[in-house]
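Dear colleague,

I am handing over the structure we spoke about, with the sequence alongside. Please open it first, and then read the notes underneath with the model in view.

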Amino acid sequence: LKEVSGTAINWKNWVLKLIGYKPVSVKEIMEDQDVQNAAYELYIRELAFWTCVNKIANAVSKCEFKTYYHNKESKGKEYYLWNYEPNQNQNAAGFIYKLIAQLYRKNECLVVEINHRMYVAESYIKEVYALRDHKFSGISFDGYTLQETLDMSDVMFFELNSTDMRKLMNGMYDSYSKLITYAQNAYQKSRGHKGILNIAGVAQEQDNFNETFEELMSTHFKNFFGKDNAVLPLFDGYNYQDISQNAKTYSTESTRDIKALADDIFEFTARAFSFPPSLAKGDVQDTTKATDELLTFAVDPLVKMIQQEINRKRNGKDGLKQGNYLKIDTLAVKHVDIFDIATPIDKLISSGAFTINDVLQVIGKPKIDESWADQHFMTKNYSEIGAILRGITEENGGENSENNQLESGTGAAGK
């Protein structure tokens, strides 16, 4: 057995030697320039993608999932399930983040309910049918795989777009990454060291020339170029002339070129998400307008899609007719400073549109346990024109009546 094994090993080595195979270490692979360029491009791509996903997931996780029973707001089991604990291993924020991440990564997301608890599926097999329910099998999450096959009506299936935008973005990245690689190489060349090494004939005729030359190139020059402060030892017959000072172009090649290309990837990714590019790149100028754009074109359509799927699967047509539904409130997404909104709060309450407790709930403050805090107030500025005219008429009528009484009393006194 050992001879057979040894023969197999020798045969393998002979074949590898025949084809010119040379073992390559992991270190050599990671130091390869093409591998480094590919890794850098992948890092930028993933960073841009997950920056947008994280911001959208954070925005949705701040929303309140309001539940209504017979058109009245209710905070029962369904409310607790969506706002606090979807399952025994996740809170609501973690659950929503996983759902959004899966949705953007795969362009679709499957949520299953088991024993009144909800789980985001990590993998599954989908069988598509035109005139009946799609079927899902091999559903797995957290290392557990369901044995049964579920119909579309038994699960919540969220689909982002009809076309997977990430595939389109990856195609664009493949062509654009060449520009980033070129900018990196150009920058490195502009900052590199270039020189001419003159070797006299006397030095080349020495017996140990090859060893001396190898040590000079692999050890002394490497230390000389790699360290901030270094001395280059030169033997008789060797003369080194540095020509890199004239070749450097600090004004034309800089890290700003590489950053600008990386910012372009962030911008392309953000536009694919209908996401404000300034928020994706971390700019702080005019964040209010950018946040409004994020809510309008990214968060609101996403929330509407999630809300529709939840209602059609968990409440159905009959439930909606009875006033049983779920509504995702996005008012809490933006940070609220009570001093900045003091005047708008006064308008909301005085116009009768909101109660005091309604406003307190929006700004995240505890409600007032008094009946008057749930009443609607309206100033006379918002009264109907007919009511104002009636009030003026009544006031004028009262004044005329009082004047008539005074005149009547004066006449009686005169008599």
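What follows is a short account of one sheet, the helices that lie across it, and two pockets.

Please keep in mind while reading that this is a predicted model.

I would begin with the sheet, which is open and consists of three strands in the order E4-E3-E9, with antiparallel pairing. Its edges are formed by strand E4, residues 117-120, and by strand E9, residues 156-159, each of which pairs on one side only. On average, and with direction ignored, neighbouring strands in this sheet are turned by 20° against each other. In general, the strands of a sheet pair through backbone hydrogen bonds, either parallel or antiparallel. Strand E3, which covers residues 108-114, pairs with E9 over four bridges in the antiparallel sense, and if you want a place to look at this pairing, Cys109 stands opposite Phe158 in E9.

Two helices are worth viewing together with these strands. Helix H5, made of residues 92-106, lies across E3, E4 and E9 and runs at about 140° to E3. Helix H12, made of residues 287-314, also lies across E3, E4 and E9, and its direction is at about 155° to E9.

The pockets come next. The largest pocket holds about 430 Å³ of space, and its lining is made up of 21 residues, with Lys66, Asp329, Leu331, Gln361 and Val362 lying nearest its centre. Strand E1 (64-69), strand E12 (325-329) and helix H15 (356-362) are the elements that give two or more residues to this lining, and H15 supplies the largest share, namely four residues. Sorted by class, the lining of the largest pocket has nine charged, seven nonpolar and five polar residues.

For the second largest pocket the volume is about 350 Å³. Its lining counts 16 residues, and those nearest its centre are Leu331, Val336, Ile341, Val362 and Ile363. Here the elements that contribute two or more residues are helix H14 (342-350) and H15, with the largest share, three residues, coming from H14. The lining of this second pocket divides into 11 nonpolar, three charged and two polar residues.

When you go through the model, Leu331 and Val362 may be useful places to start, since they are listed among the residues nearest the centre of the largest pocket and also among those nearest the centre of the second largest pocket.

With kind regards

Technical notes. Residues numbered from 1 in each chain as written. Predicted model: local features only at pLDDT ≥ 70, side-chain atom pairs only at ≥ 80, totals over all residues. Heavy atoms only, no water. Pairing = 2+ DSSP bridges. Axes fitted to C-alpha atoms, helices over the stretch in contact; angles between N-to-C directions. Contact = heavy atoms within 4.5 Å. 1 Å grid on protein atoms, 1.4 Å probe; cavity = no way out; pocket = protein on both sides within 12 Å on 5 of 7 lines; lining within 4 Å. Points joined across faces, edges and corners; volume = space filled by probe spheres on them. Nonpolar A, V, L, I, M, F, W, Y, C, P; charged D, E, K, R; others polar.
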